Structure formats: structure tokens, C-alpha cells
Amino acid sequence: MAHDWIYLASQSPRRRQLLEQIGVRHELLLPQPHEDAEALEAEREGELPADYCERVTRAKLHAARARLLATKREAAPILCSDTTVALGRRILGKPRDAAHAVETLAALSGRTHRVITAVAVASGRREWLAVNVSRVHVAAIPAREIERYVAGGEPFGKAGAYAIQSGIAAWISRIEGSYSGIMGLPLFETAQLLRQAGVRF
């Protein structure tokens, strides 16, 4: 069955922008007030970053499917995604506060980390999932520059305390992988999944 549009179960404006970039029409399917969306992102002890990212993405997709049924909205494919920043086996999540953001960016400074983004699509009873892994090389960032970046408010709500399309790009010497994946939605993999789900764009 062909579809002309999808539901995006994400509050990220970057994911909306990326879908628009490849011409995918979408409506938002966001958590209801009674849903604890943050609980889906809780880490489990000893879980590897890639496993965590895939599990959270599947959990988001299942929650979105239940939401669609409960709200009785028109049926259409659903897309979910999760982005995880990893330094070795360590998951660097969204910073709790300014001090945590400074600590996270200091850990990334002068090192290479991975950005893992999983994307999942559901249509009818079927589900598809793909995972993109990119490597980001960060030059040494002076402490005052980290503090200035954090003071600007950019790190909050972002895995790894940064957005690649922000001022931090001045310190990113090289990336290997998908720029859109690092932003939050790998467009190559996303397009493949949407085609499999019969979405026209």
C-alpha cells in the first residue's frame, strides 16, 4: 500500500527539517501529557551504546503505535529515531545542567567519539529498523570556549551536549559517516526504510 505522508514521533526540529529536505510530508505524533517519554531513555547497567540506541528507538516506536491507536487518528506509517553519543562504552546523554554539559564537552575535547542514530518505521503490522554509526573527531577545545558554548544554552536537550550544526563545528576537525545521522536522522537509511514501507516522496 502506498502512502503520501507519515507521522513523525519526535519533538526534534532538526528531524523535521531533515525530512523536509528530502520531501517527506509528515505530521507530528507527540507524547500525550500522561506519557513518561523520558523514562524510555533510561539507561541499563552494562548496556552497550549501540544496543541502548536500538532498544530506545524500538521502545519509542511501540509507544507511538499505541498512541496512534489511542488517539484514533488516521492510519499512516510512523517514524521514530534516537541519537546516542558514545565515548568508548560510555553513553553521553543529554546534560542535566551546565556543569554536566561542561564535563561532557571536556570529555569529548581532543578525542574521537561515535554518534549512533537508529531510525525505525512502522506501517501496519510491519516494522523496519536501521542503525547508522558515524565517527566525529574533535580538536582540543579551550576551557573558556566550552564555558562560552554552554552559556549560550546550545548543549541542553542534546545527546553529547552539542549540535553539529552549531558553533561547535569550529572545533570538529573531521567526520566519518553521515552528517545527517549526526544531526539526528540519517537520510540515506531513512529513505530506504520509507521506500520499503511504501512511502512516496
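Author: Buried, here, means under 20% relative accessible area. Keep in mind that this is a predicted model.

Reader: Fine. What makes Cys53 count as buried?

Author: Cys53 has 0% relative accessibility, and the cut-off is under 20%, so Cys53 counts as buried. Cys80 also comes out at 0% relative accessibility, so Cys80 counts as buried.

Reader: How many disulfides turn up in a search of the whole structure?

Author: The search finds 0.

Reader: And why is there no bond from the sulfur of Cys53?

Author: A disulfide needs two cysteine sulfur atoms within 2.5 Å. The closest cysteine sulfur to that of Cys53 is in Cys80, 12 Å away, so the two are too far apart for a bond. Seen from the other end, Cys80 is in no disulfide, with the sulfur of Cys53 as its nearest cysteine sulfur.

Reader: On to the pockets. What is the volume of the largest pocket, and which residues are closest to its centre?

Author: Its volume is about 990 Å³. The lining has 46 residues, and Glu41, Lys60, Asp82, Lys94 and Gly157 are the closest to the centre. The largest share of that lining, 6 residues, is from β3. By class, the lining holds 21 nonpolar, 12 polar and 13 charged residues.

Reader: Which element gives the most to the lining of the second largest pocket?

Author: That would be α2, with 3 residues. The second largest pocket holds about 260 Å³ of space, and among the residues closest to its centre are Leu68 and Ile78. Its lining divides into 7 nonpolar, 3 polar and 3 charged residues.

How values were computed:
Residues are numbered from 1 along each chain as its sequence is written. This is a predicted model: local features need pLDDT of at least 70, side-chain atom pairs count only at pLDDT 80 or more; totals for chains, interfaces and linings use all residues. Side-chain values use heavy atoms; hydrogens and water are left out. Buried means under 20% relative accessible area, exposed over 50%, partly exposed in between (1.4 Å probe, protein chains only). On a 1 Å grid over the protein atoms alone, a cavity is a set of points where a 1.4 Å probe fits but cannot get out, and a pocket is an open set with protein on both sides within 12 Å along at least five of seven lines; lining residues have an atom within 4 Å of a point. Grid points are joined across faces, edges and corners, and a volume is the space filled by probe spheres set on the points. Helices (H or I, at least four residues) and strands (E, at least two) are DSSP runs, numbered from the N terminus. Ala, Val, Leu, Ile, Met, Phe, Trp, Tyr, Cys and Pro count as nonpolar, Asp, Glu, Lys and Arg as charged, and the others, Gly among them, as polar.
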